[in-house]
Amino acid sequence: METLWTLFLVWCVLCLYELTDAARWAHSAMLSPDYRLLWSLGPSPQDITFELQVRTLGYVGFGFSKDGRMAGSDMIVGWVDQGQVYFQDRHVKESPASAADREPEVDPSQDYQLLLGYENNTHTVLRFRRRLDTCDHHDVPITNDTMRIVWAYHRNEPVGGLVGPGSLPQHDVESRGSQSLYLVQRADQDAPGPEETTRTWELRNPSVQSPAPGDTLYWCRVFRLPTLSRKHHLIRYEPLRGARTASGLQHVVLYECQETSQVEHLAGTPGRQCYETGSQPLACNTVVASWARGSEGFSFPPEAGYPFEPSASRYYLLETHYISPYDDNLGGLEGSGLKLYYTPELRRHDAGVISVGIDPNWRHIIPPGQQRVVSSGHCISECTKQAFPKSGVNMFAVVMRTHRIGRQVALRHVRDGVEQAPIASDDNLDADYQEYRKLIAPAKILPGDHLIAECTYNSSGRSAITLGGLTSREETCLVMGLYYPRQRSLAACHSLPSLPTVLHSLGIQELSPGSNPVRISAPPELAGMTLESRLVSYDWENQFQSFQEATKRGSFKPLCWTTQSTLLPGTDILEAHYPNITKPFLRSSSDQCNYKKYSTEGWLSGTPLIELDGNHIEGAARSKVSRSSSPAAVEESLGLSRTNSGVVTQISIFIEVALLLLTFLYR
């Protein structure tokens, strides 16, 4: 009997450990050096589970915002006081004034479920879950779009567990912030398995003089591929951060280059500023890797890898965007970059990258002072018909790129006049956060399909036109797609508004041949005016709609670029128009909120939380999580959850089973 009792106690301990400790997080991000976020989708298809690990013994705030501001944000606030966990679903009201110092108000509907809360000598840890869409107008839905995370913490907590208005101590400026993240369409971060032979290649930036506080630096350095005897596959990359670069590093992009004398010369130097006045653009246009703040890197799916071939491209360009912090810790670029994992054990498919969008050129015109300007870049069916294999290609990840005023991007897909579901879209784009996102399922693109990169801009803050180009002041509209199997005919599938379309959109009928600068000859009222003057003086306020219609319906020049920067044979003389879409794609208008409200008292029918390992802070000891002794009415009116309800529910079930076993043992 003693042996049975001992085994029973061991089983009890193991079960309790599994209930409270077991989880494995799919993703993590450091929102600040003192604030770590972990999350996984689940346990049900419409749920997401988070954990916050924050270096403070005060309160912690976390939530979502439509634009990165505190005003209108959806937040949770929690803390641990003498072993008691306090946890609240709150929101910050919209306000014409600054909401930076406005205290979040408690929601009438509590839609976040506390799972776990404790603190040790240094950190506070909160674990909770919510529906992706709670159907509460105070809560921001979590979608495939770029999400703006807002966070805050304080060294103190409300005295004596007070929860009323005005009880939260005001956090310092350095103890709050915002960060853009992909929460849903995010690549799995599986490290190479022990069965794979992997090598690493570290591409690091040199020591470069930092710009003035708040200024931006784009640094370009060319690297030569390590000596390889045969083809290898790139299967993963992750960021490298120098000792003093973390706060200023914005994004890093790796391009594959053509072997030109200019590229070869730069391979033996520390690099240069990317967009120096008078410098020629480098022949490096194919995006291989893209990292942005908040990114963990990218792992290719097990069936594909990006080929490193010594007989093909040997040079790669690392472009690093760095903003010098305003504080005294200026840091620099030194040591930052990317770490690449590659293997000689080839996977089933070579992965390729194709660029779809508008060729960077002045003909891409974005008028000033407009809330919404739509531009479209086309990959015409003649290009995909000639380049893609009969079985098509499978696009599994994309990165969508605009510059400063881009707000939305969609990669539209048309087959035989019928518009398919968008391959990818983002209605909340952040120009400073653009990395590869994994598609839920690979999109099949067949030869003859027509692709459209559609970009929406907000130019209301600009008083002059914005032209297409490579610099951050100019604009771009590009979608880079990772796909397999790789084809070697088509590297970039772009378009450009034809010159007649541009002129027609500006009310110009004819240009004076041979004039320098270019001058208008018709209509008579514009005769003699330079094209540049017309662009600057055009009445955009009253003529914008006609301009928008002319650019959409006018002709464009397809540009089907090969890897050698030549045009596909037979496509260089074409003039194309917007495709005839006989059946547009319509988003489902069904009510997504007709389900039962998610209970904060547990989800008994859901699958268990994914097993967690290594999610604890070193040396952390849990505080006791107990039920509140406050009256239920007070708890409900404050919208306050002070219990680890999901765990408590499971523990109650465990206790019932344990009692049954005890009855059996002592019969």
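# Strands, cysteines and cores in a predicted model

Q: Which residue's backbone oxygen lies 2.6 Å from a polar atom of the side chain of Ser73?
A: Keep in mind that this is a predicted model. A polar contact needs N or O atoms within 3.5 Å, and the 2.6 Å here fits under that limit. The backbone oxygen on the other side of this pair belongs to Met70.

Q: Is Ser73 buried or exposed?
A: Ser73 sits in the loop between strand S4 (60–65) and strand S5 (74–81). Outside its sequence neighbours up to four places away, Ser73 touches Phe64, Ser65, His91, Val92 and Val150. Its relative accessible area is 0%, and the cut-off is under 20%, so Ser73 counts as buried.

Q: What distance separates the C-alpha atoms of Ser73 and Pro104?
A: Along the chain, these two residues are 31 residues apart. In the fold, their C-alpha atoms are separated by 8.6 Å.

Q: How many disulfides does the model have?
A: The rule is that two cysteine sulfur atoms must lie within 2.5 Å. Cys220 and Cys274 pass, with sulfur atoms 2.0 Å apart. Cys257 and Cys284 pass too, again at 2.0 Å from S to S. By this rule, the count comes to five.

Q: How many residues apart are Cys220 and Cys274?
A: Their disulfide is right-handed, with 110 degrees about the S-S bond. The pair links distant parts of the chain: Cys220 is in strand S13 (residues 216–224), while Cys274 is in the loop between strand S16 (272–273) and strand S17 (284–292). In sequence, the gap between them is 54 residues.

Q: What is the relative accessible area of Cys274?
A: Its disulfide partner is Cys220, which counts as buried at 6% relative accessibility. Cys274 is buried as well. Its own relative accessible area is 8%.

Q: Which strand holds Cys284?
A: Cys284 bonds to Cys257, and the torsion about their S-S bond is about 105 degrees, so this disulfide is right-handed. The link ties distant parts of the chain together, 27 residues apart, with Cys257 in strand S15 (residues 249–257). Both cysteines are buried. The strand holding Cys284 is S17.

Q: Is the disulfide of Cys379 and Cys493 right-handed or left-handed?
A: Here the sulfur atoms are 2.0 Å apart. The link spans 114 residues, from Cys379 in strand S25 (residues 373–379) to Cys493 in strand S34 (residues 492–497). Cys379 and Cys493 are both buried. The torsion about the S-S bond is about 85 degrees, so the disulfide is right-handed.

Q: Which strands are the edge strands of the open sheet of five strands?
A: The order in this sheet is S16-S13-S20-S15-S17, with antiparallel pairing. An edge strand pairs on one side only. That picks out S16 and S17.

Q: How many residues of strand S20 are buried?
A: S20 has S13 and S15 as its neighbours in the sheet order. It covers residues 315–323, and the rest of the structure largely encloses it. Of its nine residues, the number buried is eight.

Q: Which residue in S20 is the bridge partner of His251?
A: S13 and S20 pair in the antiparallel sense over nine bridges, and in that pairing Leu217 partners with Tyr322. On the S15 side, seven antiparallel bridges join S15 to S20. The bridge partner of His251 is His321.

Q: Which residue in S17 is the bridge partner of Glu256?
A: S15 and S17 run antiparallel to each other. Seven bridges hold this pairing. In S17, Glu256 is matched with Thr286.

Q: From which domains does the largest nonpolar core draw at least three residues each?
A: In soluble globular proteins, nonpolar side chains tend to be buried together. This core has 53 residues, and those touching the most other members include Trp201, Leu254 and Phe308. It draws at least three residues from each of domain 2 (199–348) and domain 3 (352–498 + 554–577).

Q: How many residues are in the second, separate core?
A: Among its members are Ile366, Tyr457, Ile520 and Cys560. The core is separate from the largest one, and its size is 52 residues.

Notes. Residues are numbered from 1 along each chain as its sequence is written. This is a predicted model: local features need pLDDT of at least 70, side-chain atom pairs count only at pLDDT 80 or more; totals for chains, interfaces and linings use all residues. Side-chain values use heavy atoms; hydrogens and water are left out. Helices (H or I, at least four residues) and strands (E, at least two) are DSSP runs, numbered from the N terminus. Buried means under 20% relative accessible area, exposed over 50%, partly exposed in between (1.4 Å probe, protein chains only). Two strands pair if DSSP finds at least two bridges between them. A nonpolar core is a set of buried Ala, Val, Leu, Ile, Met, Phe, Trp, Tyr and Cys residues joined through side-chain atoms within 4.5 Å. Domain bounds come from an automatic or database domain assignment. Contact means heavy atoms within 4.5 Å. A polar contact is a pair of N or O atoms within 3.5 Å; within protein, one must be able to donate a hydrogen and the other to accept it, and residues adjacent in sequence count only if both atoms are side-chain atoms.
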